[in-house]
Amino acid sequence: MADYFLVTEVPGPAWDRSRPRREQDGWDEHAQFVDGLSREGLVVFGGPLGDPDAGPALLVFHTESEADIRRWLADDPWMDTILRIESILPWSIWVGTPPG
């Protein structure tokens with residue numbers, strides 16, 4: 001059975017509250033990094049919650065461990081500067097069919 005995790009990321013210490021998400025420093029590099037995780041099948045879904053310009057972001061990972069997620073996200077150019085991890089929770093899907 002596939003393992004899924006919900007990762008919530010929130011603005012970090014370098015987040016510029018005067019600018020929307022896509023205008024933060026290093027947006028292109030961050031977006032390319034996350035798109036790469038998606039192409040590899042690690043991130044199934046992702047995007048902002050609530051306010052797309054300033055709200056938290058949610059990533060749905062398809063992997064076996066939280067340790068893997070932390071290792072991969074450590075390479076995100078935004079990690080611990082523009083964004084920080086608020087939580088990583090295992091997700092048991094009981095309704096619907098997971099992608100793939």
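In which helix is Asp-28 found? In this predicted model, select residues 27–39, which make up helix α1, and Asp-28 will be among them. With a relative accessibility of 52%, Asp-28 counts as exposed, because the cut-off for that class is over 50%. Add Pro-77 to the selection, and you will find that its C-alpha lies 9.9 Å from that of Asp-28, although 49 residues separate the two in sequence.

Next, display the sheet. Its four strands follow the order β2-β3-β1-β4, with antiparallel pairing, and the sheet is open. At the edges stand β2 (43–48) and β4, each of which has a single partner strand, so that one side of each lacks a neighbour in the sheet. From one strand to the next, the twist averages 15°. To look at one pairing in detail, select β1 (residues 4–11) together with β3 (residues 57–62), two strands that run antiparallel and are joined by six bridges. A convenient place to start is Leu-6, whose bridge partner in β3 is Val-60.

From the sheet, move to helix α2 and select Asp-68, Ile-69, Trp-72 and Leu-73, which are buried. These residues lie on the same side of α2, because the arc they cover around the axis is only 125°. If you then ask what covers the buried residues of α2, the elements to show include β1, α1, β3 and β4.

Now turn to the aromatic rings, and select Trp-15, Trp-27 and Trp-78, which ring pairs link into a cluster. In the model as a whole, the count of aromatic pairs comes to three. One of them is formed by Trp-15 and Trp-78, an edge-to-face pair with 6.3 Å from centre to centre and 75° between the planes. This pair links distant parts of the chain, since Trp-15 sits in the loop between β1 and α1 while Trp-78 sits in the loop between α2 and β4, 63 residues apart. Trp-15 counts as buried at 7% relative accessibility, and Trp-78 is also buried, with a relative accessible area of 1%. The rings of Trp-27 and Trp-78 form a tilted pair, because their centres are 5.7 Å apart and their planes stand at 55°. Here too distant parts of the chain are linked, with Trp-27 in helix α1 and Trp-78 in the loop between α2 and β4, 51 residues apart.

As a last stop, select Asp-80, in the loop between α2 (66–73) and β4 (83–91). Asp-80 has a phi near 65°, a positive value in a residue other than glycine, and at 54% relative accessibility it counts as exposed.

How values were computed:
Residues numbered from 1 in each chain as written. Predicted model: local features only at pLDDT ≥ 70, side-chain atom pairs only at ≥ 80, totals over all residues. Heavy atoms only, no water. Buried < 20%, exposed > 50% of the residue type's maximum accessible area, 1.4 Å probe, protein only. Pairing = 2+ DSSP bridges. Axes fitted to C-alpha atoms, helices over the stretch in contact; angles between N-to-C directions. Arc of directions from axis to C-beta. Contact = heavy atoms within 4.5 Å. Phe/Tyr/Trp six-rings, centres within 6.5 Å; stacked < 30°, edge-to-face > 60°.
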